[in-house]
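Student: I would like to go through this structure with you. Could we start with how the chains meet?

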Amino acid sequence: MPGRRVVIVGVAGHWGAELARRLERDPGVDYIAGIDIEPPPVKLERTDFIEADIRSPVLSRLLPATEADTVVHCGILWYPERGRPARVLHDVNVIGTLQLLAACERTSTLQRLVVRGSAAIYGCEGATPYFFTERMARTLPLRTRFQRDVSELEAYVETCARRHPGLVCCILRYQPEIGPDLDTPLARYLELPVVPTQLGWDPRLQLIHADDATGALEAAARAPVRGAVNVAPSGSISLSHILRLARRPTLPIPHPLFGPALERLGRRLGAGPLYGDGVRMLRFGRGVDNERLRAELEYEPRFDAEGAIRDFAAKSPGRRVGPSLHLGDLTGRLSGAVR
Amino acid sequence: MNAQAQADSPQAVADFLRRMRVGIEDGLDPMSAANRAADELPQRLANVAQLVSRRLRGEYHEDEWGFDEEFAEAVYPLFEFLYEVWWRVEANGVLNVPAHGRALLVSNHAGALFPFDASMILLSIMKQHPLPRWARFLVLDWAFVLPFISAFMRRVGGVPASTHNAARLLGQDELVMVFPEGAKGTGKPFSERYRLQRFGRGGFVEVALRTRAPIVPVAVVGSEEIYPKLGDARPLARAVGAPFVPVTPTFPWLGPLGMVPLPSKWRMEFCEPIQVTDYGPDAAEDRRLLFDISEQVRETIQGKLYENLVKRRSAFVSPL
């Protein structure tokens with residue numbers, strides 16, 4: 001029986017490259033190709049790099065030529081960054097996915113499609129179900145541009161799945177990732193010497209550990225299920241608890257000023273603004289139910305919500321000079337619990 | 001024991017400072033002097049300091065709903081004061097609350113400014129049940145778009161009122177409190193006190209049927225006098241998005257002082273649980289049945305309210 005042929009779209013990103021690295025170790029995979037506009041950041045041994053822009057129609061010629069049976073789309077961008085404004089994000093996320101789906105429809109050998117999406121589709125509101133299940137998408141208003149993009153591209157994938165019943169389409173809805181050496185705006189926010197928070201708010205968060213994020217992606221690439229799957233750790237943790245575990249002094253700011261303050265501070269300290277989604281998330285929080293991930297995708301996250309933070313806190317001390325000035329450490333030293 | 005610790009503390013702080021001065025006179029730097037002084041603190045104070053330090057270092061547990069048991073225990077004495085002294089709560093039939101497993105407590109809702117009934121029901125179970133357990137309560141959505149209040153509610157066991165949340169909690173064998181009257185109950189004028197409002201769409205019965213949780217009706221007398229609502233500042237309510245803004249004899253005239261609830265006498269009664277396990281699997285979709293059970297619960301509570309109103313005699317003076 002011939003092995004599998006996998007194409008990873010967005011291989012220059014962290015998740016695409018990590019997935020390629022893991023699949024290379026899998027003897028059941030015969031051929032791996034990576035598509036992106038620039039080469040992957042890490043050295044890959046047996047991954048073919050195909051230089052192509054996901055937004056261009058050339059994908060429709062390149063993809064069928066690979067004779068792939070699995071396509072994993074890791075090219076969805078979450079955060080605007082310098083040189084990559086929100087408009088480019090929309091192009092890559094929506095138009096890019098549309099081009100990719102068109103190319104997939106031309107690829108007769110294709111059996112599985114995995115899209116690495118976002119749990120932002122559920123939104124962040126004050127009063128919501130505390131654990132969204134996959135069927136609750138779009139029950140809340142789509143307030144930010146990124147949310148609308150995610151919702152739109154999911155609709156395209158759903159249409160594609162309906163038109164091609166033989167093709168197994170799986171959308172992974174990721175909660176934000178956290179990891180000791182993961183560089184995202186959220187991680188940079190948590191690394192700030194003094195972390196601004198929104199006065200009076202304490203959101204419930206679920207941050208998935210980077211290992212689990214890659215693990216779930218690998219599980220989905222190996223044996224995808226139909227439809228949407230939430231990727232999140234079990235349990236949840238509040239922001240105040242996160243910041244205490246990570247020993248970060250906080251600075252509560254009235255919430256209308258939080259976004260602008262973070263943007264100003266971000267430019268100074270290189271933390272990067274979090275934009276609408278992040279700001280709403282750090283006010284209201286969001287939790288999703290990961291039952292489908294564990295039962296159907298058969299992936300059991302190694303870290304729960306608190307464990308992921310403990311691992312992050314243990315391995316990344318944050319940026320500070322001199323001894324910790326966090327109250328917890330000070331009182332700990334006084335009471336003799338910490339020396 | 002607690003009062004003892006408080007009485008001790010000024011003395012202990014003075015001792016601590018004295019020892020610290022001795023340390024500095026011995027030529028130690030302030031940090032080591034503080035360390036040495038702290039080593040000699042009396043045990044009780046050291047325990048408190050250790051608890052505080054442990055909290056600040058994040059060494060505590062919160063469950064997946066954000067309920068923080070230690071925090072709830074820390075604010076417990078305040079509510080205990082309201083329970084024992086302020087409202088002199090008398091609770092009957094607490095044994096009707098199952099000692100383990102899931103159950104849905106359904107109660108009348110009142111208290112225009114702050115509905116304290118949830119906390120008092122919770123306390124009566126903690127204080128009087130032979131096997132005390134923390135109950136969770138469903139809170140009006142609006143409270144969860146407010147800063148401070150939303151964070152506080154979540155830590156002591158509140159969750160936004162949603163059938164998904166209720167069903168998940170019951171699925172985890174928790175005790176869940178719901179107030180089907182919702183804002184209609186808390187916002188009713190003083191003249192209509194103890195007249196139960198419409199019970200929504202019967203969503204609570206649907207959840208109980210789906211999760212096969214027994215329904216325990218609870219009648220609370222006394223809560224409807226703590227903030228006599230005489231009027232409603234409608235334009236203000238519309239401006240801030242609140243369901244209503246009450247006007248009471250003291251609020252908003254006396255400012256923050258107007259938020260002090262009146263010390264009425266409370267009586268609480270937990271009724272016999274209504275079992276719903278006998279109904280078939282698709283009973284939860286039967287509108288007729290939902291309304292029937294909802295009405296049965298409503299009538300039970302209404303009946304018990306009248307009964308307890310008579311037994312209570314006076315609203316503010318407790319009989320000797």
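Tutor: In this predicted model, 30 residues of chain B are in contact with 28 residues of chain A; contact requires C-beta atoms, placed from the backbone, within 7 Å. Local features need pLDDT of at least 70 and side-chain atom pairs pLDDT 80 or more, while totals for chains, interfaces and linings use all residues. Residues are numbered from 1 along each chain as its sequence is written, and chains are lettered from A and ligands numbered from 1 in the order in which they are written.

Student: Which element gives the largest share of the side of chain B that touches chain A?

Tutor: That is α3(B), with seven residues. Helices (H or I, at least four residues) and strands (E, at least two) are DSSP runs, numbered from the N terminus.

Student: And by class, what does that side of chain B have?

Tutor: It has 14 nonpolar, nine polar and seven charged residues. Ala, Val, Leu, Ile, Met, Phe, Trp, Tyr, Cys and Pro count as nonpolar, Asp, Glu, Lys and Arg as charged, and the others, Gly among them, as polar.

Student: New topic: in what order do the seven strands of the open sheet in chain A come?

Tutor: The order is β3-β2-β1-β4-β5-β6-β11, with parallel pairing; two strands pair if DSSP finds at least two bridges between them.

Student: Which strands stand at the edges?

Tutor: β3 (47-51) and β11 (227-231) of chain A do; each has a single partner strand, so one side of each lacks a neighbour in the sheet.

Student: How many bridges join β1 to β4 in chain A?

Tutor: Four. Among the residues involved, Ile8(A) has Val72(A) in β4(A) as its bridge partner.

Technical notes
Two residues are in contact if their C-beta atoms, placed from the backbone, lie within 7 Å.
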